[in-house]
Amino acid sequence: MSNDADFIYVDEAQGSDDTGLGTKEHAYKTAVFAIQKHGENIKIQLRKTSEEEYKDISGAAFKKAKNHVLESKKIVLTQDSTLPEAKKIKIRESINRRDTRVKISGWVHRIRIQGKDMMFIVLRDGSGYIQCYLHGVLCHTYDAITLTLESTITVYGIISELPEGKQAPDNHELRVDYWELVHKAPGGDEAFTNQITTETDPSVLLDRRHLVIRGEKASAVLRVRSAVLRAFRDHFYSKGYAEVTPPHMVQTQVEGGSTLFELAYYHEKAYLTQSSQLYLETCLPSLGDVFAIAESFRAEKSHTRRHLSEYSHLEAEMAFITFDDLLDCLEDLICDTIDRVLSDKSIADLIYSLNKDFKKPERPFLRLDYKDAIQYLKDNDIKKPDGTFYEFGEDIPEAPERVMTDKLNRPIFLCRFPAEIKAFYMKRCKDDPRVTESVDVLMPNVGEIVGGSMRITDLDELLRGYQREGIDPAPYYWYTDQRKYGTTEHGGYGLGVERFLAWMLDRHTVRDCCLYPRFTERCKP
Ligand code: 4AD
């Protein structure tokens, strides 16, 4: 007696050659594919509609399928030498290359087979998507009948605008006259679409992020990220800032000892940097205004949707400025960067595809003092988990900050935090020495995306700052020296690039806004 495992199953109505496994639960769509995949010595059970029971394939149908595979292997495509030479292009150039013969290489993003003689492939090369139309013999080759998603191919042909009523990316289509397989991706249980499905567990998706980033949404986020980084840089260069690249391996802390990653540095103790700020400050007398886009590292114990262990930190530092100048610079950075990014139509399209309600923030941003935020929480009955109100001097944690930000629903400069809840380097306000010239930028849905401040200029005040935070001043000699060799009013800020993107692109978590997120217990791929 035979059992199910002896058979290969083909369901011509609901099976799939791309994701099917040849089992009863995950049948293939065609006998041709089953033979191609498992060879000729198989027993096929087939049904034509989903209502039918599976039956042995008829001898004639099996022979036809076998011949189809054999015939397909005999077909060799050749290029028509009378056609004009194809120009190699990227998909992003295709609009400007319509009606000329081109050659495009990429990954098979989607396949649609229509009858025996028509095949539509959406090709992706990272710069865009293009629909390719294959007809006749081009769809009959062995490579064509066994083509899988994520295979790499090169297509040759002419791009023409689509007639009205038909739809494809950029409203055009490449009519293929010749094509070549570069490499075939696996089908069956290893098929791309079996690796990533709507049911795949989020932690498995993170293990397979190298495949996830091929998806339309993930790649759109990464492309906008690239445009945003460029716009930040263009903003700074247009204002005369110099870019610096400070070290990541350091022996000083910036934002408190509890989130330091320690490492063995030869025979000494060192850390992964929490912020490049202290180094940027040392560059002011050398280069003037400076900025850096560098990785910062935080051993965050909290498992929230806005915390990463490694994140991209955009930091800037300016000399001879006031606190008001600092706030103006920040507002300008955010608004100008958004204008620059939106001025590229292809990037603007991606932004609106991810966040259809995106609106540029209006200037001026709301400026709210910390003490008024404490009052706001009271007035709006936003309390601590123990039922009491937040009082002056207490840190406003993520949850109430988010409630307030979402209620106000606009960018907020939250200013003048008490010295005791902020870092050692922050300058106190002249009119109220309990508080500092500090600012957090809060955005709806995300909360804090920027932390900044004016820095202590006075040597003795800085020494008191180290003391308050229990920091040994010895390793900070180079930072302290800035207050000896020509001190000045100066300030700066740090912006979390992933948080900025999470806000702009309306992503649920910062983990979706970087290439390979690092967070508690996740350091792969
Ligand atoms: O507020 P923070 O800790 O400020 C600093 O590091 C200053 N030294 C920056 C400066 O003045 N040059 O961090 C700045 C920003 C935060 O507002 C947030 O956007 C981001 O860095 N950030 C994080 N992003 C993701 N994951 C984390 N664990 C983050 N910690 C901070």
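## Around the ligand

A polar contact here is a pair of N or O atoms within 3.5 Å. With that in hand, take Glu300: an N or O atom in the Glu300 side chain sits 3.0 Å from a nitrogen atom of the ligand, so the pair falls inside the cut-off. Keep in mind that this is a predicted model. Gln277 also gets in on the act, with a side-chain N or O atom 2.7 Å from a ligand nitrogen. Ile449 uses its backbone instead: one of its backbone N or O atoms is 2.8 Å from an oxygen atom of the ligand. On its own the ligand would expose 620 Å², and the protein buries 94% of that.

Zooming out a little, the ligand has 23 residues around it, and the closest are Glu255, Gln277, Glu315, Glu448 and Ile449. By type, the shell breaks down into 7 nonpolar, 8 polar and 8 charged residues. Three strands each put at least two residues into that shell: S15 (310-319), S19 (447-454) and S20 (490-496).

## The chain as a whole

Next, the overall build. The protein chain has 15 helices and 20 strands, and 50% of its 525 residues count as buried.

What radius of gyration does the protein chain have, next to that of a compact globule of 525 residues? The chain comes out at 30 Å, while the globule would be near 24 Å. Measuring tape aside, the C-alpha trace spans about 95 × 60 × 55 Å along its principal axes.

## Cysteines without partners

How many disulfides does a search of the whole structure find? The count is 0. For background, a disulfide is a covalent bond between the sulfur atoms of two cysteines.

Why does Cys283 make no such bond? The closest cysteine sulfur belongs to Cys329, and at 17 Å from the Cys283 sulfur it is too far for a bond. Cys283 is also buried, at 15% relative accessible area. Cys415 tells a similar story: its closest cysteine sulfur is in Cys429, 9.1 Å away, which is too far for a bond. Cys415 counts as buried too, with 3% relative accessibility.

## A buried threonine

Thr148 sits in the loop between helix H3 (142-145) and strand S8 (152-161). Is Thr148 buried or exposed? Its relative accessible area is 3%, so Thr148 counts as buried. The Thr148 side chain has a polar contact as well, reaching the backbone oxygen of Ala185 at 2.6 Å.

## Backbone oddities

Two cis peptide bonds are worth a look when you scroll through the chain. One joins Arg363 and Pro364, with omega about -10°; Pro364 belongs to the loop between helix H10 (345-354) and strand S16 (366-369). Another joins Lys524 and Pro525, with omega about -5°, and Pro525 lies in the segment after helix H15 (497-504).

Then there are positive phi angles. Asp170 is not a glycine, yet its phi is positive, at about 60°. You'll find Asp170 in the loop between S8 and strand S9 (172-183), and with 42% relative accessibility it counts as partly exposed. Asp381, also a residue other than glycine, has a positive phi near 60°. Its place is the loop between helix H11 (370-379) and helix H12 (398-408).

Terms used:
Residues numbered from 1 in each chain as written. Predicted model: local features only at pLDDT ≥ 70, side-chain atom pairs only at ≥ 80, totals over all residues. Heavy atoms only, no water. Near = heavy atom within 4 Å. Polar contact = N/O pair within 3.5 Å; in protein donor to acceptor, adjacent residues only side chain to side chain. Areas by Shrake-Rupley, 256 points an atom, 1.4 Å probe, with all protein chains shown as cover. Helix = DSSP H or I, 4+ residues; strand = E, 2+ residues; numbered from the N terminus. Nonpolar A, V, L, I, M, F, W, Y, C, P; charged D, E, K, R; others polar. Disulfide = S-S within 2.5 Å. Buried < 20%, exposed > 50% of the residue type's maximum accessible area, 1.4 Å probe, protein only. Rg over C-alpha atoms; globule rule 2.2 N^0.38 Å.
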